[in-house]
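Biologist: I'd like to go through this chain with you and ask how each label was earned. Can you pull it up?

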Amino acid sequence: MSLTTRGRGVVAIAVVSFLLALLFGARSLNAVVVPAAVLLLAAYVQVSRLPTLAVEREPPGDAHVGEERVAELSFTDKDGEPLERPFVGSVTERINEGIRLCEPAEGDSAYTVEHGDEVDEARFETAVGNEPLRYRLRYERRGEHQLGQASVRATDVFGLMETEFRLRGTSSVLVYPQVHYLHQWGRES
């Protein structure tokens, strides 16, 4: 668990206000420092009470080169039970080479795509635990390819504190070679 940039800013303002209160009177102590302390305490409590996460990945299934499929991520607690309370978070799903992330289409979850040399990443800014996250893949090269590992960066509602979960588990899909049909003259011989 760590402070975000916004959280460090609140701490800095609270420290400066406390120093000013020592020098010029306690009025600024009540106006800035106490609300900042309450916010930081609320952020800490909210982030520290998050459950240990597990991911359930529904791979899109095997297909041929050039086809597109939809994969799905669902989040549960460590016992496999649905999350009681969703929380604000940023989910990152890694896709290894051989499969390419596509831009979201209608019916998919909202995500951004970051293409790399060997790994693509889908980033979701969402309420984790509300509903499954869907993303679209295009099969580029034949062979067995990996989906995952996923990570979740959770923040409190004020954006002051964050924690990161690196979720174990990957899934694999098998990509078949592209099918080429023979011409009529090739079938007659």
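**Labels and the values behind them**

Modeller: Let's start in the core: Tyr111 and Phe124 are both buried. Keep in mind that this is a predicted model.

Biologist: What makes Tyr111 and Phe124 a tilted pair?

Modeller: Their ring centres lie 5.3 Å apart, and rings pair if their centres lie within 6.5 Å. The planes are at 50 degrees; under 30 would count as stacked and over 60 as edge-to-face. The angle falls under neither label, so the pair is tilted.

Biologist: Where do Tyr111 and Phe124 sit along the chain?

Modeller: Tyr111 is in the loop between strand 6 (99–101) and strand 7 (112–114), while Phe124 belongs to strand 8 (residues 119–128). They are 13 residues apart, and the pair links distant parts of the chain.

Biologist: How many aromatic pairs does a search of the whole structure find?

Modeller: It finds two aromatic pairs. Ring pairs join Tyr111, Phe124 and Tyr135 into a cluster.

Biologist: Staying with strand 8, what does Val119 touch?

Modeller: Val119 is also in strand 8. Not counting residues up to four places away in sequence, Val119 touches Arg94, Ile95, Asn96 and Glu114. Take Ile95: Val119 and Ile95 are 24 residues apart in sequence, with 5.6 Å from C-alpha to C-alpha.

Biologist: Now Tyr176. Why is Tyr176 called partly exposed?

Modeller: Its relative accessible area is 32%. Buried means under 20% and exposed means over 50%, so Tyr176 lands in between and gets the partly exposed label. This residue lies in strand 12 (residues 171–176).

Biologist: And which residues is Tyr176 in contact with?

Modeller: Leaving aside neighbours within four places in sequence, Tyr176 is in contact with Asp62, Ala63, His64, Val65 and Arg142. His64 is 112 residues away from Tyr176 in sequence, yet their C-alpha atoms are 4.5 Å apart in space.

Biologist: Gln178 comes shortly after. Why does Gln178 count as partly exposed?

Modeller: Same kind of check. Gln178 has 48% relative accessibility, and exposed would need over 50%. Since buried means under 20%, the value for Gln178 makes it partly exposed. Gln178 is in the loop between strand 12 and helix 3 (184–187), and its C-alpha lies 9.3 Å from that of Glu67, 111 residues apart in sequence.

Biologist: What about Ala54: why does Ala54 count as partly exposed?

Modeller: Ala54 comes in at 23% relative accessibility. Buried requires under 20%, so Ala54 counts as partly exposed. It lies in strand 2 (residues 53–58) and touches Ser74, Phe75, Thr76, Asp77, Lys78 and Leu167, leaving out residues up to four places away in sequence. The C-alpha atoms of Ala54 and Arg168 are separated by 7.6 Å, although the two are 114 residues apart along the chain.

Biologist: Zooming out, how do you know that the chain is not a compact globule?

Modeller: The chain has a radius of gyration of 24 Å, whereas a compact globule of 189 residues would have one near 16 Å. Along the principal axes, the C-alpha atoms fill a box of roughly 100 × 35 × 25 Å. Of the 189 residues, 36% count as buried.

Biologist: How many helices and strands are there in the chain?

Modeller: There are three helices and 12 strands. Among contacts with a separation of 6 or more, 71% come from residues 24 or more positions apart.

How values were computed
Residues numbered from 1 in each chain as written. Predicted model: local features only at pLDDT ≥ 70, side-chain atom pairs only at ≥ 80, totals over all residues. Heavy atoms only, no water. Helix = DSSP H or I, 4+ residues; strand = E, 2+ residues; numbered from the N terminus. Rg over C-alpha atoms; globule rule 2.2 N^0.38 Å. Buried < 20%, exposed > 50% of the residue type's maximum accessible area, 1.4 Å probe, protein only. Contact = heavy atoms within 4.5 Å. Phe/Tyr/Trp six-rings, centres within 6.5 Å; stacked < 30°, edge-to-face > 60°.
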